[in-house]
Amino acid sequence: TDEQEEAMEIKDFKVGQEVAIRRKPMRGPSAVVSAIVTKVGRKYVYARMAQGANNAEIQFENGDAYENCLTEHSDPYAPTRFLYPSLRDADDAKELEQLQRWLGKAARWDVVRTFTLEQLRAVKQILDPEGGFDNG
């Protein structure tokens, strides 16, 4: 569908709520951990990881609507931690990122040219059922 989810906002979180933090390092896989919201302010949501040595409160602010989560208040150009309302939402975001990376690799010309006509027709039907990407 063409419906886009509403961007995650600070007001969507409540003190005591179980949430998830997804750590996304520059290299390597992302990890998802449980956390608890400890404070909700006007500009930030504060959360503490449920377990682990680093039990410091982390500040999150309204982030990129593309991610649909809050981002860690740190380096605005490369945040490494993202706050989601549930483990399921964080796991879904992690899977989405993995599938996007996979599709980028699968769509390389040297890979695409190995597909049969039937396979490519099936892919086109899934990804572009209305024919909006046709260029003539």
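Which residue forms a salt bridge with R22, and how far apart are the closest N and O atoms? I'll take that one first, then go through the strands, the pocket and the patch. Keep in mind that this is a predicted model.

1. **The salt bridge.** The partner of R22 is E97, and their closest N and O atoms are 3.3 Å apart. E97 sits in helix α1 while R22 belongs to strand β1 (residues 18-23), so this pair ties together parts that are 75 residues apart in sequence. Side chains of opposite charge can pair when their charged atoms come close. If you want to look for others, a search of the whole structure turns up eight salt bridges.

2. **β1 with β2.** Staying with the strand that holds R22: β1 runs antiparallel to strand β2 (residues 31-40), and six bridges join them. To find your way on screen, start from I21, whose bridge partner in β2 is V33.

3. **β2 with β3.** Next along, β2 pairs with β3 in the antiparallel sense, this time over five bridges. The two strands form a hairpin, with four residues between them. A handy marker here is I36, which stands opposite R48 in β3.

4. **β3 with β4.** R48 is worth keeping selected, as its bridge partner in β4 is E57. Strand β3 covers residues 45-49 and strand β4 residues 57-62; they are paired antiparallel over four bridges. When you check which way side chains point, remember that in a regular strand they alternate between the two faces of the sheet.

5. **β4 with β5.** Strand β5 (residues 70-72) is joined to β4 by three bridges, and the two run antiparallel. Here F60 is the one to click on: it stands opposite E72 in β5.

6. **The second largest pocket.** Now over to the helices. Rolling a probe the size of a water molecule over the atoms shows where empty space is left. The second largest pocket has a volume of about 260 Å³. Both α1 (87-106) and α3 (117-127) supply at least two residues each to its lining, with α3 giving the largest share, five residues. By character, the lining of this pocket splits into ten nonpolar residues, one polar and no charged. Among the lining residues are A106, A107, V112, F115, Q119 and L120.

7. **The nonpolar patch.** On the surface, L99, W102, L103, V123, I126 and L127 make a nonpolar patch of about 630 Å². Again α1 and α3 each supply at least two residues, now to the patch; L127, for one, is found in helix α3. Compare the names with the pocket: W102, L103, V123, I126 and L127 line the second largest pocket and are also part of the nonpolar patch. I'd view pocket and patch together.

Conventions. Residues numbered from 1 in each chain as written. Predicted model: local features only at pLDDT ≥ 70, side-chain atom pairs only at ≥ 80, totals over all residues. Heavy atoms only, no water. 1 Å grid on protein atoms, 1.4 Å probe; cavity = no way out; pocket = protein on both sides within 12 Å on 5 of 7 lines; lining within 4 Å. Points joined across faces, edges and corners; volume = space filled by probe spheres on them. Nonpolar A, V, L, I, M, F, W, Y, C, P; charged D, E, K, R; others polar. Pairing = 2+ DSSP bridges. Patch = residues over 30% accessible without salt bridge, like charges linked within 9 Å, V, L, I, M, F, W, Y side chains within 5 Å. Areas by Shrake-Rupley, 256 points an atom, 1.4 Å probe, with all protein chains shown as cover. Salt bridge = Lys/Arg side-chain N within 4 Å of Asp/Glu carboxyl O.
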